[in-house]
Amino acid sequence: MFINKTEDGFNNICGKRITEKRIAMGLSQRELADKLQLIGLDIDKNAIQRIECGKRFVTDIEIKYLSRALELSYIELLGE
């Protein structure tokens, strides 16, 4: 049976990288959500929190916007 989780039990592989980059940019979760909303992604602070802690799946559309907001390539966002 296939399981849609990482080896450490997370629902995404980009949450940790999002947290690292957000903090390096000096942004709060709310500020990141605001930045994403300004560029066209309807997301709130709670969704950012759930993504970062690995409790929420991330769609390809969200990857596109997160990559743009965090100034990372898709590979940097999804890489290890």
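How far is the sulfur of cysteine 14 from the closest cysteine sulfur, and which residue holds that sulfur? Keep that in mind as you load up; this is a predicted model, so treat the tour accordingly.

**Stop 1: the cysteines.** Select cysteine 14 and cysteine 53, and put a distance label between the sulfurs. You should get 12 Å, with cysteine 53 holding the closest cysteine sulfur to that of cysteine 14. It works in the other direction too: from cysteine 53, the closest cysteine sulfur sits in cysteine 14. A disulfide is a covalent bond between two cysteine sulfurs. The cut-off for counting one is 2.5 Å, so 12 Å is too far for a bond, and the disulfide count is zero.

Now switch on a surface. Cysteine 14 counts as buried because its relative accessibility is 2%, while cysteine 53 is partly exposed at 33%.

**Stop 2: a backbone oddity.** Jump to glutamate 71, in the loop between α4 (60–69) and α5. Check its phi: about 55°, a positive value in a residue that is not a glycine. Most residues other than glycine have a negative phi. The side chain is worth showing against the surface as well, since glutamate 71 is exposed, with a relative accessible area of 58%.

**Stop 3: a nonpolar patch.** Carry on into helix α5, residues 74–78, and pick leucine 78. Leucine 78 counts as partly exposed, at 35% relative accessibility. Add Ile13 and Tyr74 to the selection: with Leu78 they make a nonpolar surface patch of about 290 Å². Colour those three residues together and you have the patch in view.

Key
Residues numbered from 1 in each chain as written. Predicted model: local features only at pLDDT ≥ 70, side-chain atom pairs only at ≥ 80, totals over all residues. Heavy atoms only, no water. Patch = residues over 30% accessible without salt bridge, like charges linked within 9 Å, V, L, I, M, F, W, Y side chains within 5 Å. Areas by Shrake-Rupley, 256 points an atom, 1.4 Å probe, with all protein chains shown as cover. Salt bridge = Lys/Arg side-chain N within 4 Å of Asp/Glu carboxyl O. Helix = DSSP H or I, 4+ residues; strand = E, 2+ residues; numbered from the N terminus. Buried < 20%, exposed > 50% of the residue type's maximum accessible area, 1.4 Å probe, protein only.
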